[in-house]
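These are my notebook entries on a single protein chain. I record what I looked up, entry by entry.

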Amino acid sequence: MSNASRRSTDSNVIEITTQRKIPSMCQHQPSCPTADSADREAAFPVAHHPEQGWSLLCNGVLLFEDTGELLPNGTIIAPHRPLAAVVTAA
């Protein structure tokens, strides 16, 4: 991560700009899907903590056990559980 800041003391205004760069954690071939792709959940887990209910994928996606996701850019993907199958009696 790198931070860049600019301060202007002439006009008594301080402006701080933060730029966050996320390094690629995917070092294997073929590369995993990016965090922006529809199949982002297929990426390789680099940290898995089932006792806490989350996994970090190599594309930077934080995947929760309730199927919710947190993307590297801060976007939240709501849980998307499949609907329960309807069992019919014959």
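**Entry 1: salt bridge.** I looked for salt bridges in this predicted model and found 1 in the structure. The partners are R40 and E69, whose side chains meet with an N to O distance of 2.7 Å. I noted where each partner sits: R40 lies in the loop between β2 (13–15) and β3, and E69 belongs to strand β6 (residues 69–70). The pair thus links distant parts of the chain, 29 residues apart. Are R40 and E69 buried or exposed? I find R40 buried, and E69 is buried as well. As general background, I note that side chains of opposite charge can pair when their charged atoms come close.

**Entry 2: surroundings of V61.** I next listed the contacts of V61, leaving aside neighbours within four places in sequence. Both R40 and E69 are on that list. The other residues in contact with V61 are A35, S55, L56, L70, L71 and P72.

**Entry 3: nonpolar core.** Which residues form the largest nonpolar core? I count 9 residues there, V61 being one of them. The cysteines in this core are C26, C32 and C58, and the alanines are A35 and A43. The leucines are L57, L63 and L71. A35 and L71 were also on my contact list for V61.

**Entry 4: nonpolar surface.** I then turned to the surface and found a nonpolar patch of about 260 Å², made by M25, F44 and V46. I placed V46 in strand β3, which spans residues 45–49. I class V46 as partly exposed because its relative accessibility is 42%, and the class lies between 20% and 50%.

**Entry 5: the chain as a whole.** I found 7 strands and 0 helices in the protein chain. Read from the N terminus, its elements run β-β-β-β-β-β-β. Of the 90 residues, 21% are buried. The chain exposes about 7200 Å², and carbon and sulfur atoms supply 57% of that area. Among contacts between residues at least 6 apart in sequence, I note that 19% join residues at least 24 apart.

**Entry 6: confidence.** How high is the mean pLDDT of the protein chain? The mean is 76, and 64% of the residues reach 70 or more. Over residues 1–9 the pLDDT is below 50, and I record 17 contacts for this stretch in the model beyond near neighbours in sequence. Residues 17–21 also have a pLDDT below 50, with 10 contacts counted in the same way.

Note on methods
Residues are numbered from 1 along each chain as its sequence is written. This is a predicted model: local features need pLDDT of at least 70, side-chain atom pairs count only at pLDDT 80 or more; totals for chains, interfaces and linings use all residues. Side-chain values use heavy atoms; hydrogens and water are left out. A nonpolar core is a set of buried Ala, Val, Leu, Ile, Met, Phe, Trp, Tyr and Cys residues joined through side-chain atoms within 4.5 Å. Buried means under 20% relative accessible area, exposed over 50%, partly exposed in between (1.4 Å probe, protein chains only). Contact means heavy atoms within 4.5 Å. Patches are made of residues with over 30% relative accessible area and no salt bridge: like charges are joined within 9 Å, nonpolar side chains (Val, Leu, Ile, Met, Phe, Trp, Tyr) within 5 Å. Accessible areas come from the Shrake-Rupley method with a 1.4 Å probe; for residues, only the protein chains shown count as cover. A salt bridge is a side-chain nitrogen of Lys or Arg within 4 Å of a carboxyl oxygen of Asp or Glu. Helices (H or I, at least four residues) and strands (E, at least two) are DSSP runs, numbered from the N terminus. pLDDT is the predictor's confidence in each residue, from 0 to 100.
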